[in-house]
Amino acid sequence: MFEAAVEAARPSVCLPPFLPAPPAGRTLVIGAGKAAAAMARTVEDHWPGPLSGLVVTRYGHLVPTRRIEVAEAAHPVPDAAGENAAGRMIKLLKGLGPDDLVLCLISGGGSALLARPAPGIPLAEKQALTGALLRSGAAIGEINCVRKHLSAVKGGRLAALAAPARLVTLAISDVPGDDPSVIASGPTVADPTTLAEARSVLAKYGITPSPAIAARLNDPAAETPKELPGSEYRLVATPQRSLEAAALVAARAGLYPLLLGDCLEGEAREMAKVMAGMVKSIRAHQQPAPGPAVILSGGEATVTLRGPGKGGPNAEFALALALALKDCPGVDAIACDTDGIDGSEDNAGATIAPDTLERARALGINPEAYLTNNDSYGFFKALGDLVEIGPTLTNVNDFRAILVR
């Protein structure tokens, strides 16, 4: 099921039907995200005319290209390579005319990879603020609201730089609800969020900005564009389509697919408790689905760091789920990030089985202690239950499947 979800979002599969017709003038390709290199390669393979450009992707997500340059940068905290790539894209957009086409390839991760701080904000200060937001447990929409107001390219500013050329954005969504203004912080769409909302996010999580950032967030002239006429936006892959692909696999295997949707957000361990309750209800009452069933969900779980351990939200969800199901036999589950990297580690996520806790205790491992320390990576590493597949070169965010026998 996980493989089917990833396959549905591969650029080579989902992108070609959405390509526009070639223009009378030049075609310039720009973009950012974990899938940017694979998307650029797909455009090259299917584009009938000349083109050139530059996209930026995460380190390790490189794909060989012939005409479109691919730069690599850091994620989830931006670095100088991402700042440099964004600066070069700004220069490429200068001098375009109405007969030219700008094809912008956007996917999850673009917020960090397309890193060009607004004038007066040092990169180091934006890096520190991004790190604080990631540790705070803030939702992706909240994080991106702040990022957009501190950027020279996010929140619609990249689209403004492309005028008067025609701009077409092809996007792979990794956010709950598929809001274009949230995907990669919406560099090519009008931004509905405000400076006041960005200040409120920092206040909500008790984050004190540097003087330069505080000044920026209090400057009315720093507000993001609210209207961008003439910009086209096409979603080529979404989390919901990937969940539906997984549901087909489940149905063919004789399982009842219960789709909870692609908009789930919240703390990974709290999400696990809710889904454990659903599992118990299916086993006891055949509600809200008849067994055997598989509970499928997407969205984006978060982790508020309390301990010194390693592990992303998917592995933390899996560990919390195993603990919540300790008295409920016959359940297997997988929780993975569809980009192949769970948080900042080298695994996509983890799997649990009916004997997960039993095997852990036989090795002298205390699962409760590992969860308290946010060390889900260490827990599943010791059991050999990490899902390690490397970068998938796409990204429709979290994928969770719970098999109730």
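## How the chain holds together

In the protein chain, residues 24 or more positions apart make up 79% of the contacts with a separation of 6 or more. Keep in mind that what you're looking at is a predicted model. Of the 405 residues, 57% count as buried.

If you tally up the secondary structure, you get 16 helices and 14 strands. The radius of gyration is 22 Å, close to the 22 Å that the globule rule gives for 405 residues, so the chain is as compact as a globular protein of that length. The C-alpha trace spans about 65 × 50 × 35 Å along its principal axes. As for the surface, the chain exposes about 15200 Å², and carbon and sulfur atoms supply 55% of that.

## A six-stranded sheet

A good place to start looking is the open sheet of 6 strands, whose order is β3-β2-β1-β4-β5-β6, with parallel pairing. Which strands stand at the edges? They are β3 and β6 (231–237), and each has a single partner strand, so one side of each is left without a neighbour in the sheet. Neighbouring strands here are turned by 20° against each other on average, ignoring direction.

Strands of a sheet pair through backbone hydrogen bonds, and the pairing can be parallel or antiparallel. Zoom in on β5 and β6 and you'll find them paired in the parallel sense over 6 bridges. To get your bearings in β6, look for Leu235, which has Ala171 standing opposite.

## Two helices by the sheet

Now for helix α3, which covers residues 36–46. Of its 11 residues, 8 are buried, so the helix is largely enclosed by the rest of the structure. Which residues of α3 are buried? They are Ala36, Ala37, Ala38, Met39, Ala40, Thr42, Val43 and Glu44.

And what do these buried residues pack against? Their partners include the strands β1 (27–32), β2 (52–58), β3 (68–73), β4 (101–106) and β5 (166–172). Helix α2 (11–14) is on the list too.

Helix α4 takes in residues 80–92 and lies across β1, β2 and β3. Compared with the direction of β2, α4 runs at about 160°.

## Two cis peptide bonds

Follow the backbone out of β3 and you come to a loop that leads to α4, and Pro76 lies in it. A cis peptide bond joins His75 to this proline, with omega at about 10°.

There's another cis peptide bond between Gln287 and Pro288, where omega is about 5°. To find Pro288, look in the loop between α12 (268–285) and β9 (293–297).

## Positive phi without glycine

Two more loop residues are worth a visit. Asn374 isn't a glycine, yet its phi is positive, at about 55°. You'll find Asn374 in the loop between α15 (367–372) and α16 (376–383). Is Asn374 buried or exposed? Its relative accessibility is 2%, which is under the 20% cut-off, so Asn374 counts as buried.

Leu393 also has a positive phi, near 70°, in a residue other than glycine. Leu393 sits in the loop between β13 (386–387) and β14 (398–404). With 23% relative accessibility, Leu393 counts as partly exposed.

Notes. Residues are numbered from 1 along each chain as its sequence is written. This is a predicted model: local features need pLDDT of at least 70, side-chain atom pairs count only at pLDDT 80 or more; totals for chains, interfaces and linings use all residues. Side-chain values use heavy atoms; hydrogens and water are left out. Buried means under 20% relative accessible area, exposed over 50%, partly exposed in between (1.4 Å probe, protein chains only). Helices (H or I, at least four residues) and strands (E, at least two) are DSSP runs, numbered from the N terminus. Contact means heavy atoms within 4.5 Å. Two strands pair if DSSP finds at least two bridges between them. Axes are lines fitted to C-alpha atoms, for helices over the stretch in contact, and angles run from 0 to 180 degrees between N-to-C directions. The radius of gyration is taken over C-alpha atoms; the globule rule is 2.2 Å times the number of residues to the power 0.38. Accessible areas come from the Shrake-Rupley method with a 1.4 Å probe; for residues, only the protein chains shown count as cover.
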